Amino acid sequence: MFTVPEFTALQTAIARVREEDVLSALRGDRIGIQGLAALLSPLAEPHLPAMAARAAFLTEQRFGRTIQMYAPVYLSSYCANRCAYCGFSADNTIDRRVLTFAEAEAEAMILHQRGFQHLLLVSGEAPAKVGVDYLEEIARRLRDRFAALSIEVQPLATGEYARLFRAGITSVAVYQETYDREVYKQVHLAGRKADFDHRLDTPARAAAAGMREVGIGALLGLADWRAEGLALGLHLAWLRKHFWRTGLTVSFPRMRPAEGEFKPLKPVAERNLSQMIFALRIFDPDVGLYLSTREEARYRDGMIGLGPTRYSAGSCTAPGGYGLADAGGEQFEVGDSRSLAEVSAAIQAKGFDPVRKDWDAVFQAKGVRQEAA
Ligand code: SF4
């Protein structure tokens, strides 16, 4: 099981970085965890242009001039957890709803008509409302109409992930939110999510179940972003070592305004976010990096080609938000409200290809047959 060092130890490792460590990390072909600490440190800040250039080189070398496009479908805003920063927290009074199977299909097909082939199915964490049976049925209904289906729902057991994989789910995203145990305790006030270690072990359970891809991340704004970046690097390296067949991704969700008026405890500036993205790209050239519509159009356009490989577009964070007249409340406000066509045009204007499909369910069917053999 992955264990994360004390957050203060991560901060100390970053505080000990010397100028020559930064220069050496920028020169090296492969940097280790010490190199990542160097690139996350304050001493690396004057070297941001060099980091951006190195990140751009590695991204093009590993991924070509492409960015994969996706959109979320919010299935439910019910949540049994009390997370201080989230609009779906059980504490908040919002219009809650869970989509029926027909409504979920209708929402997905609106995105299909808009050109999306990769969907991220999202829900609050309320297993009584959105359990494995529900997700399995949604996956079976959508699997033949989309190239790939991902989930961002409550942590599940390995056997449950295996069931969903067989039903057509290809990847799982589960964010630790913060790797600082003290802050984690302060902001996860009640519910299953209050168990730090259970959540920390979730990406490994999804990978062990055979998921094609597993995504990790930290909610930026809760704790020291430099130490979060180092913890993410350690988690990523551990997953690579133990699940080398699994594709890995990292997301950088930065706190957005949400119901409940929670203010970031440790605000993260765009400049800091860029440093974190460049550092992670240089640390792991093969990792998929997400930059969602939480960020504003100007920033997302500026980051094209500099590290991120997945962009969402035309996103709505309310269940039923694409087509239902009585959609539920939003999880958070998006920063970039442009459509798929508009974001694609911005990507093309920079000389990159927005990719709508880079996977086919037929590969998964083959995987299932191999598993059964
Ligand atoms: S962050 Fe997730 S688990 Fe926490 S309240 Fe929001 S939806 Fe629920």
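**Notes on a predicted model: a loop, some helix pairs and a ligand shell**

1. Start with Gly329, which sits in the loop between β10 (310–312) and α14 (340–349). Bear in mind as you look around that this is a predicted model. Gly329 counts as partly exposed, because it has 19 C-beta neighbours inside 10 Å. If you want a sense of scale, try Ala9: Gly329 and Ala9 are 320 residues apart in sequence, and their C-alpha atoms are 39 Å apart in space.

2. Another loop worth a look is the one between β5 (169–173) and α8 (181–187), where you'll find Glu177. Is Glu177 buried or exposed? It is buried, since 24 other C-beta atoms lie within 10 Å, and the cut-off for that label is 20 or more. The backbone of Glu177 deserves a glance too: phi is positive, about 75°, although the residue is not a glycine.

3. Now for the helix pairs. Two packed helices are described by the angle between their axes and the distance between the axes. Take helix α3 (residues 33–40) and helix α12 (residues 270–283), which pack at an angle of about 160° with their axes 9 Å apart. That angle makes α3 roughly antiparallel to α12, because anything over 145 degrees gets that name. The crossing of α3 past α12 is right-handed.

4. Which residues of α3 meet α12? On the α3 side they are Gly35, Leu36, Leu39 and Leu40, and they meet Gln275, Met276, Ala279, Ile282 and Phe283 in α12. Sorted by class, the contact of α3 with α12 has 7 nonpolar and 2 polar residues, with no charged ones.

5. Helix α12 has another partner to check. Helix α4 (residues 48–63) packs with α12 at an angle of about 45°, and their axes are 9 Å apart. So α4 is oblique to α12. The crossing of α4 and α12 is left-handed, whereas that of α3 and α12 is right-handed.

6. The α4 side of that contact is made by Leu48, Met51, Ala52, Arg54, Ala55, Leu58 and Thr59, and the α12 side by Ser274, Gln275, Phe278, Ala279, Arg281 and Ile282. By class, the contact of α4 with α12 comes to 8 nonpolar, 3 polar and 2 charged residues. If some of the α12 names look familiar, Gln275, Ala279 and Ile282 also turn up among the residues that meet α3.

7. While you're in α4, have a look at Ala50, which is found in that helix. Ala50 is partly exposed, because 15 other C-beta atoms lie within 10 Å. From Ala50 to Val287 is 237 residues in sequence and 20 Å in space, C-alpha to C-alpha.

8. Moving along the chain, what is the relation of α6 to α7? The axes of α6 and helix α7 (residues 158–167) come within 8 Å and cross at roughly 20°. That makes α6 roughly parallel to α7, since the angle falls under 35 degrees. The crossing of α6 and α7 is right-handed.

9. From α6, the residues making this contact are Val132, Leu135, Glu136, Ala139 and Arg140; from α7, they are Glu160, Arg163, Leu164 and Ala167. The contact of α6 with α7 has 5 nonpolar and 4 charged residues, and no polar ones. Set that beside the contact of α3 with α12, where no charged residues take part.

10. A few residues around this pair are handy landmarks. Glu160 lies in helix α7 and counts as partly exposed, because it has 19 C-beta neighbours inside 10 Å. Glu160 and Val132 are 28 residues apart along the chain, and their C-alpha atoms are separated by 6.7 Å. Asp133 lies in helix α6 (residues 132–142), and it is exposed, with 9 other C-beta atoms within 10 Å. Between Asp133 and Glu160 there are 9.4 Å in space, C-alpha to C-alpha, for a separation of 27 residues in sequence.

11. Last stop, the ligand. Which residues are around the ligand? They are Cys79, Asn81, Cys83, Cys86, Phe88, Ser89, Gly124, Glu125 and Lys193. By class, this shell around the ligand divides into 4 nonpolar, 3 polar and 2 charged residues.

Definitions and conventions:
Residues are numbered from 1 along each chain as its sequence is written. This is a predicted model: local features need pLDDT of at least 70, side-chain atom pairs count only at pLDDT 80 or more; totals for chains, interfaces and linings use all residues. Helices (H or I, at least four residues) and strands (E, at least two) are DSSP runs, numbered from the N terminus. A residue is buried if 20 or more other C-beta atoms lie within 10 Å of its own, exposed if 12 or fewer, and partly exposed in between; C-beta atoms are placed from the backbone. Axes are lines fitted to C-alpha atoms, for helices over the stretch in contact, and angles run from 0 to 180 degrees between N-to-C directions. Angles under 35 degrees count as roughly parallel, over 145 as roughly antiparallel, 65 to 115 as roughly perpendicular and the rest as oblique. A crossing is left-handed if the near helix is turned anticlockwise from the far one by less than a right angle, and right-handed if clockwise. Two residues are in contact if their C-beta atoms, placed from the backbone, lie within 7 Å. Ala, Val, Leu, Ile, Met, Phe, Trp, Tyr, Cys and Pro count as nonpolar, Asp, Glu, Lys and Arg as charged, and the others, Gly among them, as polar. A residue is near a molecule or strand if its C-beta atom, placed from the backbone, lies within 6 Å of it.
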